[in-house]
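Reader: Could we go through this structure together? I would like to begin with the ligand and work outward.

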Amino acid sequence: YCPDDDLTLPNDDDIFSTLPPLLHGHPDVHLRNGVLTADSNTGPDAERAFFVADISQVYKQHLRWSSCLPEIQPFYAVKCNPDPYVLRLLAALGAGFDCASNGEICQVLDIGGIDPSRIIFANPCKAVSFVRNAAKMDVHMMTFDNIDELYKIARAHPAAQLVLRILTDDTKSLCQLGIKFGAPLAVVPALLAKAKELGLSVIGVSFHVGSGCYEPSVYTDAIRRARAAFDMGVDAGFHFSLLDVGGGFEDALFEQAASFLTDAIDTYFVDRSGLKIIAEPGRFYVSKAFNLATNIIARRAPLGETVATGSSEQPAVMYYINDGVYGAFNCLLFDHQVVHPYVLSMGCSFHVAASEPLQTSSVWGPTCDSIDCVCPSVQLPLALRAGDWLGFANMGAYTVCAASQFNGFQVSKTIYTTGGFRPTEVRALLAKFASEIRVETTADV
Ligand code: PLP
């Protein structure tokens, strides 16, 4: 399934005409040839790596969501990528927000015009000061999965609307969350009894099948468990009105996941009158929307030898680029991702012939740490040199949000577009931006 073929993008007079005003006021953003650009690549660090965010891609994902899961309101997981323009677009589209901290809650409320009821504080283990602040900001909906949290909430926010996070099977996901969060069904009756005793209001049940879920059928069992928790709620004297199906949605498997979810909800929640269903998607909305352009700042090749072409196992040449695992590529360590570079420009040309001889190479980040390896082995053109540019697709989820400035390297900035570009067009766009950046090439090697 390729959404590009099936979904028509709105034209300029639709949602995208509202984007430039949304972006208005950003100190670095300008409209150039119909494309919103950030002037981040001038000055002493002219070769700095940069993201291109195609905001229309986020909108496309929203259309996909609404068409496959019309009954489920997305509460975007801010942690995944708190880009201010992604948040503003999703706010304009009526999404809710899953926040994990006071900082995220403030960022969402600062957008303006967002009722606090559109926020779920979806962190089952919160600092008491955060709970108190949530109360002050009228954020009432929050998750819990343990008794201590109930005592804390009873003191700091007795009017909270609690959502019980249950444990579900997360073994089919890249990032398993069950070792840290989620109450097993066996302890649910005791938790609900304690909530009742403390006079707290529990309004529903949530779960998370793990982030990067590659087996969409797990949603069926998760919904079955949620049903069991709903029934335990009745036994404890509650009448739940909220079902939160969490995140885990992978772009390529989204339609399948939606189908399993819909069938399971039909089976286990036959009477849905008075039931609100929400989800906490993160990765699904932003992964594809961000591409990263990196500059090759250095190369190490065997001295005085002709480098062998072809697919020798051992990388012959090492390329050093200006973003790494301490920056945007932290997703390699924390999010278990594997990335594949493509050549954006070579020798000042943006047309790299398919016949270009290749060699086994490795790609490294800019820091002095040897863990900073972006690609241990990849086929790249023999003629690739310092000054050339490498691109990386699908860089929107769990990348920039966890990037550090280790070794004094700045976090890569973002250039925004609203064009509804196809993946090939985004590549061309990256190349175009790279061409506007004058970078010294090492023509002597
Ligand atoms: N909700 C919670 C509580 C999470 O911890 C996460 C990710 O860790 C998400 C939602 C978003 O998950 P995903 O990006 O897989 O959709």
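Reader: Which residues come nearest to the ligand?
Author: This is a predicted model. Of the 17 residues around the ligand, those that come nearest are Ala77, Ser211, Gly247, Gly282 and Arg283. Two elements, strand 11 (211-213) and helix 11, each give two or more residues to that shell.

Reader: How many residues of each class does the shell around the ligand have?
Author: Seven are nonpolar, seven are polar and three are charged.

Reader: Staying with helix 11, where does phenylalanine 284 lie, and what does it touch?
Author: Phenylalanine 284 belongs to helix 11, which spans residues 283-286. Setting aside residues up to four places away in sequence, phenylalanine 284 touches Gln61, Phe249, Asp251 and Phe254.

Reader: Why does phenylalanine 284 count as buried?
Author: Phenylalanine 284 counts as buried because it has 26 C-beta neighbours inside 10 Å, and the cut-off for that class is 20 or more.

Reader: What separates phenylalanine 284 from alanine 53 in space?
Author: Their C-alpha atoms are separated by 15 Å, and the two residues are 231 residues apart along the chain.

Reader: Turning to the annotations, what does UniProt list for Lys79?
Author: The unreviewed UniProt entry carries the annotation "modified residue: N6-(pyridoxal phosphate)lysine" at Lys79. In the model, lysine 79 sits in the loop between strand 4 (72-77) and helix 4 (84-92).

Reader: Is lysine 79 buried or exposed, and what is it in contact with?
Author: Lysine 79 counts as buried, because 21 C-beta neighbours lie inside 10 Å. Leaving aside neighbours within four places in sequence, lysine 79 is in contact with Ala100, Glu104, Gly282 and Cys401. Gly282 is also one of the residues that come nearest to the ligand.

Reader: Which residue does UniProt list for "active site"?
Author: The unreviewed entry lists Cys368. Cysteine 368 lies in the loop between strand 17 (358-364) and strand 18 (373-381).

Reader: Is that cysteine 368 buried or exposed?
Author: Cysteine 368 is exposed, because 8 other C-beta atoms lie within 10 Å, and the exposed class takes 12 or fewer.

Reader: On to the interior. Which residues of the largest nonpolar core touch the most other members?
Author: In that core of 111 residues, Phe121, Leu162 and Leu164 touch the most other members. Helix 9 (residues 218-235) supplies the largest share of this core, seven residues.

Reader: What does leucine 164 touch?
Author: Not counting residues up to four places away in sequence, leucine 164 touches Phe144, Asp145, Ala183, Val188, Leu191, Val202, Val205 and Ala229.

Reader: How many residues of strand 8 are buried, and how does strand 7 run relative to strand 8?
Author: Strand 8 (residues 161-165) is mostly covered, with four of its five residues buried. Strand 7 (residues 141-144) and strand 8 run parallel and are joined by four bridges. Within this pairing, threonine 143 has valine 163 as its bridge partner in strand 8.

Reader: Finally, what does the secondary structure of the whole chain come to, and what share of the residues counts as buried?
Author: The chain has 13 helices and 20 strands. Of its 445 residues, 44% count as buried. Among contacts with a separation of 6 or more, 74% are between residues 24 or more positions apart.

Terms used. Residues are numbered from 1 along each chain as its sequence is written. This is a predicted model: local features need pLDDT of at least 70, side-chain atom pairs count only at pLDDT 80 or more; totals for chains, interfaces and linings use all residues. Two residues are in contact if their C-beta atoms, placed from the backbone, lie within 7 Å. UniProt positions are given in the numbering used here, feature names are shortened, and annotations may be inferred rather than shown by experiment. A nonpolar core is a set of buried Ala, Val, Leu, Ile, Met, Phe, Trp, Tyr and Cys residues joined through C-beta atoms within 7 Å. A residue is near a molecule or strand if its C-beta atom, placed from the backbone, lies within 6 Å of it. Ala, Val, Leu, Ile, Met, Phe, Trp, Tyr, Cys and Pro count as nonpolar, Asp, Glu, Lys and Arg as charged, and the others, Gly among them, as polar. Two strands pair if DSSP finds at least two bridges between them.
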